[in-house]
Amino acid sequence: MLHTPRPPAILTVNLGRATPADYTDCPAGTGIDKRPVERPVRVSAPGPKGQGASGLSGDTVCDTRHHGGDDQAVYAYAREDLDVWEQELGRELANGVFGENLTTSGIDVNGALIGERWRVGNELLLEVASPRIPCRTFAEWLGERGWVKRFTQAAVPGAYLRVLEPGEIRSGDPVEIVHRPDHEVTVAFLFRAETTERELLPRVLAAGDALHPEAREAALKYRSS
């Protein structure tokens, strides 16, 4: 039976509040527990890393040392990839459970190119910036043994996005890919270069100015070593 491809869209917009947790060293706790909201949400660039937090109004990023800021303003994960993880883990995974702000449908998030631009709804313009690198907080929150290694090996990390044009969005908004750059550096490619296949690092420089500054620094260091 043939399945009609889903049109690219935001299934849910997910927000989190600060929650105390003994598995993080951040005094404020963690905002990883994100839940879908039905109301419109304002999205804008939050400011530089270390100062800005989430790009979504009403969402919490507690540890701004490692999360948030303009290059990690919005985190997107595909429902299709969550469905695969549901089968592998044998448990239900609700939208937002990976800490994603946007649970998408009909979008190959990991195949998106660094610098690719998405028009979400009528106003918001996002740019694909980098993959998500798993951390201890993510592993402890999900409660799966060996999760960081398993998530890394799967190489379906989801994408952080920058906010180029602010706007209001809500669950169900359509997504239009309005620009795809001419290079090979996808979210999954960059993730592999930063984790399991470091020899790929020099090739990620093809993404140019859209490349996350930390990824550019790592690639230049690797190339010169």
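**View 1. K49 and E214, a salt bridge between a loop and helix α5.**
K49 is partly exposed, with a relative accessible area of 34%, and E214, at 45%, likewise counts as partly exposed; the term covers values between buried, under 20% relative accessible area, and exposed, over 50%, for a 1.4 Å probe and protein chains only. In this predicted model, local features need pLDDT of at least 70 and side-chain atom pairs count only at pLDDT 80 or more, whereas totals for chains, interfaces and linings use all residues. Residues are numbered from 1 along each chain as its sequence is written, and side-chain values use heavy atoms, with hydrogens and water left out. K49 forms a salt bridge with E214 (a side-chain nitrogen of Lys or Arg within 4 Å of a carboxyl oxygen of Asp or Glu), and the closest N and O atoms are 3.1 Å apart. Because K49 lies in the loop between β3 and β4 and E214 in helix α5, the pair ties together parts that are 165 residues apart in sequence. Helices (H or I, at least four residues) and strands (E, at least two) are DSSP runs, numbered from the N terminus.

**View 2. E88 and R150, a salt bridge between helices α1 and α3.**
The closest N and O atoms of the salt bridge between E88 and R150 are 3.9 Å apart. E88 belongs to helix α1 and R150 to helix α3 (residues 147–154), so the pair ties together parts that are 62 residues apart in sequence. Both count as partly exposed, E88 at 47% relative accessibility and R150 at 32%.

**View 3. E184 and R203, a salt bridge between two loops.**
E184 and R203 form a salt bridge in which the closest N and O atoms are 2.7 Å apart. E184 lies in the loop between β10 and α4, and R203 in the loop between α4 and α5, so the pair ties together parts that are 19 residues apart in sequence. E184 is partly exposed, with a relative accessible area of 39%, as is R203, with 41%. Elsewhere, salt bridges that share partners join D71, R117, E127 and R162 into one network, and the structure holds 16 salt bridges.

**View 4. The open sheet of eight strands.**
The strands follow the order β2-β1-β5-β4-β8-β7-β6-β10 with mixed pairing, two strands being paired if DSSP finds at least two bridges between them. The edges are formed by β2 (34–37) and β10 (175–179), each with a single partner strand, so one side of each is left without a neighbour in the sheet. From one strand to the next the twist averages 40 degrees. Strands β4 and β5 (residues 102–105) run parallel and are joined by three bridges, with Y77 standing opposite T103 in β5. Helix α1 (residues 79–89) lies across β1, β4 and β5 and runs at about 60 degrees to β4; axes are lines fitted to C-alpha atoms, for helices over the stretch in contact, and angles run from 0 to 180 degrees between N-to-C directions.

**View 5. The largest nonpolar core.**
This core has 39 residues, and those with the most contacts inside it are V74, W118 and V204; a nonpolar core is a set of buried Ala, Val, Leu, Ile, Met, Phe, Trp, Tyr and Cys residues joined through side-chain atoms within 4.5 Å. Helix α4 contributes the largest share, four residues. Not counting residues up to four places away in sequence, W118 touches residues including A76, I107, L124, L161 and I177, where contact means heavy atoms within 4.5 Å. Apart from this core lies another, of 15 residues, among them Y75, L89, V97 and F138.
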